[in-house]
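Here is a short report on a protein model with a ligand. Read it with the sequence and the coordinates open.

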Amino acid sequence: MSHIPVFLKETVQILRPSPSKIFADFTFGLGGHAKSLLSCGGRVIGCDRDINAYKHARILEAQTQNFKAKHVRFSDLHDHLPSLDGILMDIGVSSVQIDQADRGFSFMRDGPLSMQMGINSFSAADIVNQWDENDIADTLYLYADEVRSRSIAKRIVEARQNKKITTTLELANIISRGKKGKIHPATKTFQALRIATNSELDELCIGLQIASSKLKIGGKLVVISFHSTEDKIIKNFFRNSRFLMKKPQPVFPSSEEVKSNVRSRSAKLRWGIKI
Ligand SMILES: C[S@@+](CC[C@H](N)C(=O)[O-])C[C@H]1O[C@@H](n2cnc3c(N)ncnc32)[C@H](O)[C@@H]1O
């Protein structure tokens with residue numbers, strides 16, 4: 001099981017951990033960023049909605065005095081946090097979640113059509129089997145700019161009349177029937193369903209507001225994202241909130257980082273100092 005943290009060096013350089021400072025990592029994952037902050041002397045609260053990530057965090061909590069683990073979504077974080085010197089949000093799914101077939105995030109691996117990060121109220125299977133054709137099409141278009149949204153939604157609704165769609169490969173085959181290309185035809189549909197299943201954009205907006213309210217004056221917020229829709233939300237948030245943003249922004253990964261971790265190629269980092 002592995003996940004290579006993106007912008008690790010930059011995050012530590014910006015947050016400048018020290019023993020007197022307390023940080024929250026809102027997206028603990030496998031703890032790559034949190035462990036770096038700890039090793040530089042900071043105190044860290046590691047949060048994640050994913051139960052497996054939380055289990056890793058609990059192991060770290062048992063080993064490290066300066067670390068606390070929380071199983072919580074961004075939208076429920078408010079009452080779980082003290083005033084903070086720094087916050088990291090490394091948005092999206094982790095490689096661990098994508099690589100586990102039984103989580104249902106990947107069209108490359110057969111598994112139940114779940115896509116739930118944790119603390120969810122519905123799954124991707126519920127969307128494709130229960131939502132109206134128009135709502136499915138709008139979701140694909142809004143969350144992933146899928147230009148074939150109407151025809152894919154139509155295919156999904158036709159297919160489910162014969163049999164409930166329950167697995168990732170079933171859905172991938174329905175979408176890609178006869179279509180080939182450099183990028184898998186199901187890529188955008190899977191992205192959109194994942195965002196919808198986890199209410200990711202609402203969570204991001206609420207998470208940013210909570211981050212802003214929990215930071216001390218002079219505290220720093222670092223946000224890493226992988227999709228343009230998320231980046232737009234983050235950019236607007238910083239523009240319209242009381243944060244000082246040092247240029248250049250966004251920060252892009254170095255060519256060395258992209259070479260050693262291909263997942264980092266679409267990453268952007270934005271950060272600000274609360275004023
Ligand atoms: C890209 S990974 C973070 C990886 C981590 N920085 C590391 O170094 O291992 C994103 C993590 O954020 C979590 N996450 C995403 N949205 C969340 C939300 N709304 N509330 C809490 N955790 C969330 C996911 O479950 C996932 O584990």
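The report covers the ligand site, the cavity, the pocket and some backbone details.

**The ligand and its neighbours**

The model is predicted. Start with the ligand. A shell of 23 residues surrounds the ligand. Leu30, His33, Asp48, Asp90 and Glu203 come nearest. By class, this shell holds eight nonpolar, nine polar and six charged residues.

Which residues place a polar atom by the ligand, and at what distance? The table lists three such pairs.

| Residue | Protein atom | Ligand atom | Distance |
|---|---|---|---|
| Gly31 | backbone N or O | oxygen | 3.3 Å |
| Gly32 | backbone N or O | oxygen | 3.1 Å |
| Asp90 | polar side-chain atom | nitrogen | 2.8 Å |

Two kinds of protein atom appear here. Gly31 uses a backbone N or O atom, and so does Gly32. Asp90 uses a polar side-chain atom, and its partner is a nitrogen atom of the ligand. Asp90 is also one of the residues that come nearest to the ligand.

How much of the ligand does the protein bury? Taken alone, the ligand exposes 600 Å². The protein buries 98% of that.

**The cavity that holds the ligand**

Where does the ligand sit? The ligand occupies the largest cavity. The count comes to one cavity of 30 Å³ or more. About 480 Å³ of space lies in the largest cavity.

The lining of this cavity has 35 residues. Thr27, Asp48, Asp90, Gly92 and Gln97 lie nearest the centre of the cavity. Asp48 and Asp90 also belong to the residues that come nearest to the ligand.

Four helices each give two or more residues to the lining of the largest cavity: α2 (32-39), α3 (51-63), α4 (95-99) and α10 (200-214). By class, the lining of the cavity divides into 13 nonpolar, 13 polar and nine charged residues.

**The largest pocket**

Now turn to the open space. About 1,200 Å³ lies in the largest pocket. The pocket is lined by 36 residues. Ile98, Phe107, Thr187, Gln191 and His227 lie nearest the centre of the pocket.

Which elements supply at least two residues of the pocket lining? They are α4, α6 (133-144), α9 (187-197) and α11 (228-239). The largest share, five residues, comes from α9. The lining of the pocket divides into 14 nonpolar, 11 polar and 11 charged residues.

Helix α4 is named for both spaces. It gives two or more residues to the lining of the largest cavity, and α4 also supplies at least two residues of the lining of the largest pocket.

**Backbone details**

Some backbone features merit a look. The peptide bond from Lys247 to Pro248 is cis, with omega near 0°. Pro248 lies in the loop between β6 (243-244) and α12 (255-260). The peptide bond from Gln249 to Pro250 is cis too, with omega near -5°. Pro250 is likewise found in the loop between β6 and α12.

What is the phi of Phe7? Phe7 is not a glycine, yet its phi is positive, at about 55°. Phe7 is placed in the segment before α1 (8-15).

Key:
Residues numbered from 1 in each chain as written. Predicted model: local features only at pLDDT ≥ 70, side-chain atom pairs only at ≥ 80, totals over all residues. Heavy atoms only, no water. Near = heavy atom within 4 Å. Polar contact = N/O pair within 3.5 Å; in protein donor to acceptor, adjacent residues only side chain to side chain. Areas by Shrake-Rupley, 256 points an atom, 1.4 Å probe, with all protein chains shown as cover. 1 Å grid on protein atoms, 1.4 Å probe; cavity = no way out; pocket = protein on both sides within 12 Å on 5 of 7 lines; lining within 4 Å. Sits in = over half its atoms within 2 Å of the grid points. Nonpolar A, V, L, I, M, F, W, Y, C, P; charged D, E, K, R; others polar. Points joined across faces, edges and corners; volume = space filled by probe spheres on them.
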